[in-house]
Amino acid sequence: MFDCIIIGCGYVGRRVAALEQAAGRSVLGVVRSADSAAALAASGIEARTADLDQPESLAPLPLAGATVYYLAPPPPRGDRDPRMEGFVGILRRSGVPDRVVLISTTGVYGDCAGEWVDEQRTPRPQADRARRRLAAEETLRQWGRDQRAAVVVLRVPGIYGPGRLPVTRLRQGLPVLREAEAPFSNRVHVDDLARACLAAARRGANGAVYNVSDGAPSTMTDYFNRVADAVGLPRPPQISLEQARRELSPGMLSYLAESKRLDTRRMREELGVIPEFGDLGAGLRASVGGTGETPPG
């Protein structure tokens with residue numbers, strides 16, 4: 001038996017595991033590959049492999065009575081999440097966990113024209129990536145209602161931190177939308193997100209949804225400029241929206257089509273989470289030194 005089981009124990013999950021271990025709780029990390037399992041074991045986290053596209057591989061997990069963090073993404077295509085559907089099927093047979101915490105995305109709100117958005121906002125996802133996440137939320141929350149089980153959903157924007165800055169994109173000199181046309185975006189430092197996961201497991205209301213963010217939205221262009229400054233690279237060239245539609249990837253354009261500012265009062269008041277990196281400058285100073293790339297949120 002384990003106190004905590006982390007399904008999809010990757011970039012965020014390893015930090016959640018470390019916090020839970022520091023609190024004296026036993027942790028099992030679930031990953032897809034043997035190499036990932038070996039990396040977890042080398043860092044002191046007991047690991048098992050399972051394939052969410054083969055739900056029966058989850059059946060041996062001791063889920064009943066554990067705190068379960070579900071951090072795995074949906075498949076890359078479609079408008080539903082068969083991985084979550086399979087996971088819920090296993091839950092119906094394995095017994096009820098103490099609580100399930102799901103990481104979802106603030107993309108489920110769709111484009112909000114730059115308005116402040118709280119958890120009462122009706123989701124209107126406009127990209128398939130967000131439709132899949134909303135489908136996962138609804139599947140898990142319905143299971144929670146059916147079983148009278150505790151489920152908490154965290155809606156999360158772009159995650160940044162060590163090793164998760166858009167350094168490759170900046171080195172390539174790829175353009176960004178000019179500041180005057182750039183949408184509002186939101187982000188959260190990975191360490192603050194890990195703390196929010198633990199708070200949700202301990203203090204989140206059953207069935208509740210929480211926006212998780214640093215609470216300091218800005219534009220995507222501002223984000224790229226400040227990352228460039230932090231890592232000592234030239235700021236990216238800026239282009240018009242008309243040019244962007246011709247030159248940028250469909251994935252990036254889907255982010256540019258959504259503008260919102262996240263209201264995080266519920267996270268602060270109910271979960272008691274005050275971001276350590278509520279200022280992007282502080283978060284970047286703590287992150288510089290890694291490599292890699294992640295899309296803004």
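## A salt bridge between helices α1 and α6

Arg202 and Glu20 form a salt bridge in which the closest N and O atoms are 2.6 Å apart. The pair connects distant parts of the chain, since Arg202 belongs to helix α6 (residues 190–203) and Glu20 to helix α1 (residues 11–22), with the two positions 182 residues apart. The model described here is a predicted one.

The two partners can also be described by their accessibility. Arg202 has a relative accessible area of 37% and is therefore partly exposed. Glu20 has a relative accessible area of 0%, so this residue is buried, given that buried means under 20% relative accessible area.

## Further salt bridges

The structure holds 21 salt bridges. One of these joins the side chains of Asp53 and Arg32, with an N to O distance of 3.6 Å. Asp53 is placed in the loop between β3 (46–49) and β4 (67–70), while Arg32 is placed in the loop between β2 (27–31) and α2 (34–42); the pair therefore ties together parts that lie 21 residues apart in sequence. With a relative accessible area of 34%, Asp53 is partly exposed. Arg32, at 55%, is exposed, because the term applies to values over 50%.

A salt bridge is also found between Arg178 and Glu181, where the closest N and O atoms are 2.6 Å apart. Both residues fall into the partly exposed class: Arg178 has a relative accessibility of 41%, and Glu181 has one of 30%. Elsewhere, Arg32, Asp51, Asp53 and Arg83 are joined into one network by salt bridges that share partners.

## The surroundings of His189

His189 is part of strand β11, which covers residues 187–189. Its relative accessibility is 1%, and His189 therefore counts as buried.

The side chain of His189 makes a polar contact of 3.3 Å with the side chain of Ser287. When neighbours within four places in sequence are set aside, the residues in contact with His189 are Tyr160, Gly161, Pro162, Phe277, Gly283, Ala286 and Ser287. Ser287 thus appears both as a polar partner of His189 and among the residues in contact with His189.

## Summary

Three salt bridges have been described individually: Arg202 with Glu20, Asp53 with Arg32, and Arg178 with Glu181. Arg32 and Asp53 are also members of the network that includes Asp51 and Arg83. In strand β11, the buried residue His189 has a side-chain polar contact with Ser287.

Conventions: Residues numbered from 1 in each chain as written. Predicted model: local features only at pLDDT ≥ 70, side-chain atom pairs only at ≥ 80, totals over all residues. Heavy atoms only, no water. Helix = DSSP H or I, 4+ residues; strand = E, 2+ residues; numbered from the N terminus. Buried < 20%, exposed > 50% of the residue type's maximum accessible area, 1.4 Å probe, protein only. Polar contact = N/O pair within 3.5 Å; in protein donor to acceptor, adjacent residues only side chain to side chain. Contact = heavy atoms within 4.5 Å. Salt bridge = Lys/Arg side-chain N within 4 Å of Asp/Glu carboxyl O.
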